[in-house]
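Here is a walk through one protein model, from a single side chain out to the overall shape. Keep the structure open while you read.

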Amino acid sequence: MWERLLEFLDEWATVTEVEPGRLRVVVDGADGTLRVVEILMSRQEWDDMVSIPFGDFAPAADEVRRAVLALTDDQRYLVYENYELVPSTTPVLPVDPEEERLAELARRHPEGFGRWVAIDWDGNVVDELGPPRS
């Protein structure tokens, strides 16, 4: 799949694998200038992106093209995260505040801080999964 991605990118841009997991894509701009974009994604992440959300090479490749061409002037990077390429001004995505909040809760409560419950039609808990209630 990785080689097919490189071939696809080379059809409409110039692609160089700078290092494993880092592609440099050079695109001719509408005004004749060159636009340099770096895609940060491993071979395995690309395989996951093709197979899980898209199910086939063509729609996944089209999504890469769309993402490259949609970047704004201040965005130079596409960083893989959770089956998608996220536009970024830096090669590392900023920490999501909600993820940081959940990580802090997990540090404070290593025993767990939530539970899943199954209830009947009357609202009675009939089964649960989580830390024991105090």
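Is Trp12 buried or exposed? Trp12 has a relative accessible area of 17%, and since the cut-off for buried is under 20%, Trp12 counts as buried. Bear in mind as you go that this is a predicted model.

## The aromatic cluster

Trp12 has company. Phe8, Trp12, Trp46 and Phe57 make up one aromatic cluster, and searching the whole structure turns up 3 aromatic pairs. One of them is Phe8 with Trp12: the ring centres sit 6.1 Å apart and the planes meet at 70°, so this is an edge-to-face pair. Both residues belong to helix H1 (residues 2-12), and because they are 4 residues apart there, about one helical turn separates them. Phe8 is buried too, since its relative accessibility comes to 12%.

Phe8 also pairs with Phe57, again edge-to-face, with 6.4 Å from centre to centre and 85° between the planes. What does this pair tie together? Phe8 is in helix H1 while Phe57 is in helix H3 (residues 57-70), so the pair links parts that are 49 residues apart in sequence. Phe8 and Phe57 are both buried.

## The start of the chain

Now have a look at Met1, in the segment before H1. Met1 is partly exposed, because its relative accessible area is 41%. Leaving out residues up to four places away in sequence, Met1 touches Trp46, Asp47, Val50 and Phe57. Two of those names should ring a bell: Trp46 and Phe57 are members of the aromatic cluster.

Arg43 is worth checking as well. Met1 and Arg43 are 42 residues apart in sequence, yet their C-alpha atoms are 8.0 Å apart in space.

## Two residues at 0%

Ala60 is in helix H3, and its 0% relative accessibility is why Ala60 counts as buried. What does Ala60 touch, not counting residues up to four places away in sequence? The answer is Trp46, Met49, Val50 and Phe54. Trp46 and Val50 are also among the residues that Met1 touches. As for Asp47, its C-alpha is 9.7 Å from that of Ala60, with the two positions 13 residues apart in sequence.

Val25 is the other one to click on. Val25 is part of strand E2 (residues 22-28) and is buried, because its relative accessibility is 0%. Beyond its neighbours within four places in sequence, Val25 is in contact with Leu9, Ala13, Thr14 and Val15 on the earlier side of the numbering, and with Arg35, Val36, Val37 and Ile39 on the later side. Asp47 can serve as a reference point here too: Val25 and Asp47 are 22 residues apart in sequence, and 19 Å apart in space from C-alpha to C-alpha.

## A loop with positive phi angles

Next, jump to the loop between strand E4 (77-81) and strand E5 (84-88), where you'll find Asn82. Asn82 has a phi near 50°, which is positive in a residue other than glycine. Asn82 is exposed, because its relative accessibility is 56%.

Tyr83 is in the loop between E4 and E5 as well. Its phi is about 70°, again positive although Tyr83 is not a glycine. How does Tyr83 count for exposure, and why? Tyr83 is partly exposed, because its relative accessible area is 37%.

## Zooming out

Time to step back to the whole protein. The secondary structure adds up to 4 helices and 7 strands, and along the sequence they come in the pattern α-β-β-β-α-α-β-β-α-β-β. How does the radius of gyration of the protein compare with that of a compact globule of 134 residues? The globule would be near 14 Å, but the protein has 21 Å. Along the principal axes, the C-alpha atoms fill a box of roughly 65 × 30 × 25 Å.

Of the 134 residues, 28% count as buried. Among contacts with a separation of 6 or more, 34% come from residues 24 or more positions apart. The protein exposes about 9,100 Å², and carbon and sulfur atoms supply 52% of that. On the charge side, there are 13 positive and 29 negative side chains, and the centres of the two sets lie 4 Å apart.

Conventions
Residues are numbered from 1 along each chain as its sequence is written. This is a predicted model: local features need pLDDT of at least 70, side-chain atom pairs count only at pLDDT 80 or more; totals for chains, interfaces and linings use all residues. Side-chain values use heavy atoms; hydrogens and water are left out. The radius of gyration is taken over C-alpha atoms; the globule rule is 2.2 Å times the number of residues to the power 0.38. Buried means under 20% relative accessible area, exposed over 50%, partly exposed in between (1.4 Å probe, protein chains only). Contact means heavy atoms within 4.5 Å. Accessible areas come from the Shrake-Rupley method with a 1.4 Å probe; for residues, only the protein chains shown count as cover. Lys and Arg count as positive and Asp and Glu as negative; His and the chain ends are not counted. The place of a charge is taken as NZ of Lys, CZ of Arg, CG of Asp or CD of Glu. Rings of Phe, Tyr and Trp (its six-membered ring) pair if their centres lie within 6.5 Å; planes under 30 degrees apart count as stacked, over 60 as edge-to-face and the rest as tilted.
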